[in-house]
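Hello,

Here is the structure I promised to pass on to you. Please have a look at it first, and then read on for what turned up.

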Amino acid sequence: SRFFRDDTRLRALRFLDHMLERDNMQKSEFLKALSDMWKDFDSRVLRYKVLPPLCEELRNSVMQPMILPMVFTIAESQDKIDFELITLPALFPVLSTASGETLLLLVKHADLIINKTSHEHLVSHVLPMLVRAYGDTDPRIQEEVLRRSVPLAKQLDVQLVKQAILPRVHGLALKTTVAAVRVNALLCLGDLVSLLDKHAVLDILQTIQRCTAVDRSAPTLMCTLGVANSILKQYGIEFAAEHVLPLLAPLLTAQQLNVQQFAKYILFVKDILRKIEEKRGVTVTDSGIPEVKSSLLSNGLQSQALDKTSGTVASATRSNPSWDEDWGPITKGSTNSHQSSISNSSSTRTVSSNQPIQSVPVQLQPSIVAAISSPQAAESCPAVDVEWPPRATSVMNSQSREGEKQQPNAGLSSSS
């Protein structure tokens, strides 16, 4: 029937049924035409009529670079179970023997294979394929495998990552002569920091130090800053101050950094120093005088801060108004003790009488101050109401107490 003969999709399906009988030239021309035709097919037709002949043709190593893109395109619509049952078995021989352009295509689509493959197949088939890609001499393959290393590492055990992936990333960063490969290797190391322990992170810092010793180009230095930022987020200020700052400090003088890049470097270093100041609670001014924050004094940490600071810190702290408010001015000891006892007793009596607390200016008569300063009066003098003007009740109480003092043996009961 002319109706079926003129249908392009039906003719393509008939060619796929007899694809093994065609030569490589006819197959390549057909696959070039089919690469733009697959969108017209239904998903069921792609799964049951298009994909099986293509998987069979994967045994032909010459046609693999042309067939793999179509296979991966169809595999995107498959679920994990369907992919492992139909597509993945046909990919096993290719994964183990691929090289050149075929290996490049496999590495480019490694994310698809990793997401749709179980852990067992990742270890047995996908990881060996990526290990071979690390050792390939093609810079394109090296760049692609470095970009796919982190998604694979997140699905593997940490010990396996340290044995199979991490040494090869270090090797590419140190041995390559291609700037793009080194940059991707450093980016990969920065992304792997969150999966590694401190010992492995120290190895990363050593590799970066060796790279920056021979290559201080702007991309390498900015990747170094990215790794340092990842280490700071993962292990905190103390680890960064001890191991990261000694690495970054010599790089601040690199002439390859432009203004914006240098600004990022110096802001990162200043951020670490600022966080150290906040943690210690001591801020150093531009004149070099350290100042202790009042928040630490109110939290009860003033003794530790004062013990660790010098005499300059102590003098600066004594001049702080918050210190004076908390502990009182440093004058004669007797005057301080009596005045504090007077204020405490008056405040206690005010609260106990269930009266509202008001801020009234404190004024002491000269006679009262003189009586307080004498030791004899301090022993028998009752608490003084410091409110002014005095209330009528306080005046009457003071008069009654003066009358009781004149009676014998009344001082003991009054003071008690």
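Let me begin with a pair in helix H16, which covers residues 259–280: Arg274 and Glu278 both sit there, four residues apart, or about one turn of the helix. Please bear in mind throughout that this is a predicted model. The side chains of Arg274 and Glu278 meet in a salt bridge, at 2.8 Å from N to O. The spacing fits the general picture: an α-helix has 3.6 residues a turn, so residues three or four places apart point the same way. Arg274 counts as partly exposed because its relative accessibility is 38%, and Glu278 counts as partly exposed at 44%.

Salt bridges also come as a network here: through shared partners, they join Asp111, Glu143, Glu144, Arg147 and Arg148 into one. Within that network, Glu144 forms a salt bridge with Arg148, and their closest N and O atoms are 2.3 Å apart. Are these two partners buried or exposed? Glu144 is buried, and Arg148 is buried as well. In total, the structure holds 15 salt bridges.

One more of these may interest you. Lys162 and Asp197 meet through their side chains in a salt bridge, with 3.2 Å from N to O. Lys162 belongs to helix H12 (residues 158–175), while Asp197 is in the loop between helix H13 (179–192) and helix H14 (198–214), so this pair ties together parts that are 35 residues apart in sequence. With a relative accessibility of 25%, Lys162 counts as partly exposed, and Asp197, at 36%, counts as partly exposed too.

Next, some buried nonpolar residues. Val169 is found in helix H12 and is buried, its relative accessible area being 0%. Leu146, in helix H10 (residues 139–147), is buried too, with a relative accessible area of 3%. Leu146 and Val169 are 23 residues apart in sequence, and their C-alpha atoms lie 7.4 Å apart in space. Val169 has a further partner of this kind in Leu189: these two are 20 residues apart along the chain, with 7.4 Å between their C-alpha atoms.

On the surface, Ile81, Leu85 and Ile86 form a nonpolar patch, with about 310 Å² of accessible area together. Leu85 lies in helix H6, which covers residues 80–97. Why does Leu85 count as exposed? The reason is its relative accessibility of 63%, since exposed means over 50%.

Please also look at helix H15, residues 218–248. How far apart are its end C-alpha atoms? They are only 14 Å apart, although the helix has 31 residues and a straight helix would reach 45 Å at 1.5 Å a residue. There is a kink of about 130° in H15, and it is centred on Gly236.

Finally, the cysteines. A disulfide is a covalent bond between the sulfur atoms of two cysteines. A search of the whole structure finds zero disulfides. Cys211 is buried, with a relative accessible area of 2%, and Cys223 is buried as well, with 8%.

That is what I have for now, and I would be glad to hear your thoughts on it.

Best wishes

Notes: Residues are numbered from 1 along each chain as its sequence is written. This is a predicted model: local features need pLDDT of at least 70, side-chain atom pairs count only at pLDDT 80 or more; totals for chains, interfaces and linings use all residues. Side-chain values use heavy atoms; hydrogens and water are left out. Patches are made of residues with over 30% relative accessible area and no salt bridge: like charges are joined within 9 Å, nonpolar side chains (Val, Leu, Ile, Met, Phe, Trp, Tyr) within 5 Å. Accessible areas come from the Shrake-Rupley method with a 1.4 Å probe; for residues, only the protein chains shown count as cover. A salt bridge is a side-chain nitrogen of Lys or Arg within 4 Å of a carboxyl oxygen of Asp or Glu. Helices (H or I, at least four residues) and strands (E, at least two) are DSSP runs, numbered from the N terminus. Buried means under 20% relative accessible area, exposed over 50%, partly exposed in between (1.4 Å probe, protein chains only). The expected span of a helix is 1.5 Å times one less than its number of residues. The bend at a residue is the angle between axes fitted to the seven residues ending there and the seven starting there. A disulfide is a pair of cysteine sulfur atoms within 2.5 Å.
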